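Work through the exercises below with the structure open. Try each task before reading its solution.

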Amino acid sequence: LRLALASYLHQDDSINMDVSTVITWRRFCNKLWNAVSFSLFYQEKEQEWKLDLDSVPIENLSTEEKWILSRLANCVELCGSGFNNMELGSVTSAIREFLYDELCGVYLEACKLELQNHYGNEAVVIIKPSSSYLQTLSFCLDRTLKLMHPIAPFVTEELWQRLNSSSIRNDYQSIVQTSYPGHNDNVLKYRDESVESDMDTVLDVVQATRSLRERFREAVGKHASSLAVDIFVEPKGIESSGFGSVLSEKKQLLTKILRIETINIIAAESPKHGLVSSCCGGQIVIRLSLSPEDLDEQIFEKNLKSFNARYQKLHKQELRIKGLLVSEKFLENAGDEVIEKNKLKLSKLEGEVASIKTVIESLEILEKQFRT
């Protein structure tokens with residue numbers, strides 16, 4: 001409830017609070033709880049766990065570790081600025097984007113395999129140097145809890161106590177006794193805009209590939225996780241060749257985040273056929289490497305027929321409501337509430353029609369590819 005109230009950008013004596021906002025922040029707290037539990041699972045595998053990221057030289061950190069620490073430094077700066085300017089909405093927005101979208105959405109996915117390989121899946125104590133991935137994750141969670149504490153004191157105190165239960169806490173008995181992350185904290189030294197720029201390219205490719213996989217799943221009715229991915233970098237000058245070098249260097253990172261075995265990076269013109277998606281201003285094109293064996297002809301035909309029928313039905317509804325909203329007679333006789341409901345219904349229909357049209361286009365592309 002505190003997080004929901006603080007998240008409103010317009011702070012006044014009265015707030016028109018939406019219950020769905022409270023539910024959203026409850027889910028956010030669940031995400032935070034699960035992230036801390038994930039970190040604790042691997043901390044408990046060590047005989048003497050100690051949070052000591054300073055012992056790991058920055059140059060020894062992986063790209064994803066440098067990136068998440070740089071994004072944490074950015075979050076610390078935004079939170080400090082937000083509190084100084086009494087903009088609580090900016091603070092909660094910065095924390096949510098960092099934890100939900102970046103730490104849990106990207107970094108956790110990238111480091112799961114690394115932690116499993118380092119510690120194993122069995123709940124047994126091991127004797128080996130602590131993984132830098134675990135140090136980085138625990139450091140980020142520790143600082144996130146401190147950033148959140150002024151707004152969400154109870155859940156952050158509980159999680160901080162758990163996170164530090166098996167480590168050295170420097171005689172601090174409560175999170176409230178610790179310093180708030182800022183210029184007196186060593187987190188700001190990790191800010192690296194060049195690493196962030198490289199990761200932006202990687203994440204654009206990840207988003208485009210996931211979108212392409214989802215199109216394939218909707219069109220064909222099966223997951224595309226086993227399919228190889230071809231990444232075409234168009235030769236349009238220095239900037240595009242920069243994309244190629246970045247993707248070649250981060251190929252292993254791409255395979256970890258996407259959980260895919262084969263990624264082919266090709267410096268060539270974009271393909272003229274196939275199920276494709278583009279990113280980075282069209283200079284990078286992603287294609288799923290498909291073969292006729294990847295498609296079930298009966299399911300394919302059934303899906304194409306079903307989506308076309310659904311498209312026709314929703315498109316007729318869309319045209320009917322559009323006609324009503326431009327009819328002078330309807331606008332004169334209908335009340336404001338009825339007009340508003342029809343506008344909302346039209347907006348929803350337009351989204352559904354556009355989505356189905358994309359799926360149909362994907363099916364037609366596949367049909368053309370494998371029947372010519």
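**Exercise 1.** Find which residues of α9 are buried in this predicted model.

*Solution.* Start with the helix limits: α9 covers residues 251-258. Next, apply the cut-off: buried means under 20% relative accessible area. Leu253, Leu254, Thr255, Lys256, Ile257 and Leu258 meet it. Now count: 6 of the 8 residues of α9 are buried, so the helix is largely enclosed by the rest of the structure. Finally, look just past its end. Arg259 follows α9 and has a positive phi, near 55°.

**Exercise 2.** Classify Thr255 as buried or exposed, then list its contacts.

*Solution.* Place the residue: Thr255 is in helix α9. Take its relative accessibility, 19%. The limit for buried is under 20%. Thr255 therefore counts as buried. Then follow the side chain: it reaches the backbone oxygen of Gln252 at 2.5 Å. Last, set aside neighbours within four places in sequence. Thr255 is then in contact with Ile260, Glu261 and Ile263.

**Exercise 3.** Give the strand order of the open sheet and identify its edge strands.

*Solution.* Trace the 4 strands: the order is β2-β1-β4-β3, with mixed pairing. Then look at the ends of that order. β2 (263-266) and β3 (276-279) are the edges; each has a single partner strand, so one side of each lacks a neighbour in the sheet. Check the twist too: neighbouring strands are turned by 20° against each other on average, direction ignored.

**Exercise 4.** Describe how β1 pairs with β2, and say where α9 packs.

*Solution.* Recall the rule first. Strands of a sheet pair through backbone hydrogen bonds, either parallel or antiparallel. Here, β1 (residues 229-233) and β2 run parallel, joined by 4 bridges. Pick one position: Phe232 stands opposite Ile266 in β2. Then add the helix. α9 packs on the sheet and touches β1 and β2. The direction of α9 makes about 140° with that of β2.

**Exercise 5.** Work out the surroundings of Leu103.

*Solution.* Locate Leu103: it is in helix α4 (residues 88-119). Check its accessibility. The value is 0%, so Leu103 counts as buried. Next, collect contacts, leaving aside neighbours within four places in sequence. They are Ile68, Phe98, Leu108, Leu137, Cys140 and Leu141. Close with a distance across the chain: Arg71 is 32 residues from Leu103 in sequence, and their C-alpha atoms are separated by 8.9 Å.

How values were computed: Residues numbered from 1 in each chain as written. Predicted model: local features only at pLDDT ≥ 70, side-chain atom pairs only at ≥ 80, totals over all residues. Heavy atoms only, no water. Helix = DSSP H or I, 4+ residues; strand = E, 2+ residues; numbered from the N terminus. Buried < 20%, exposed > 50% of the residue type's maximum accessible area, 1.4 Å probe, protein only. Contact = heavy atoms within 4.5 Å. Polar contact = N/O pair within 3.5 Å; in protein donor to acceptor, adjacent residues only side chain to side chain. Pairing = 2+ DSSP bridges. Axes fitted to C-alpha atoms, helices over the stretch in contact; angles between N-to-C directions.
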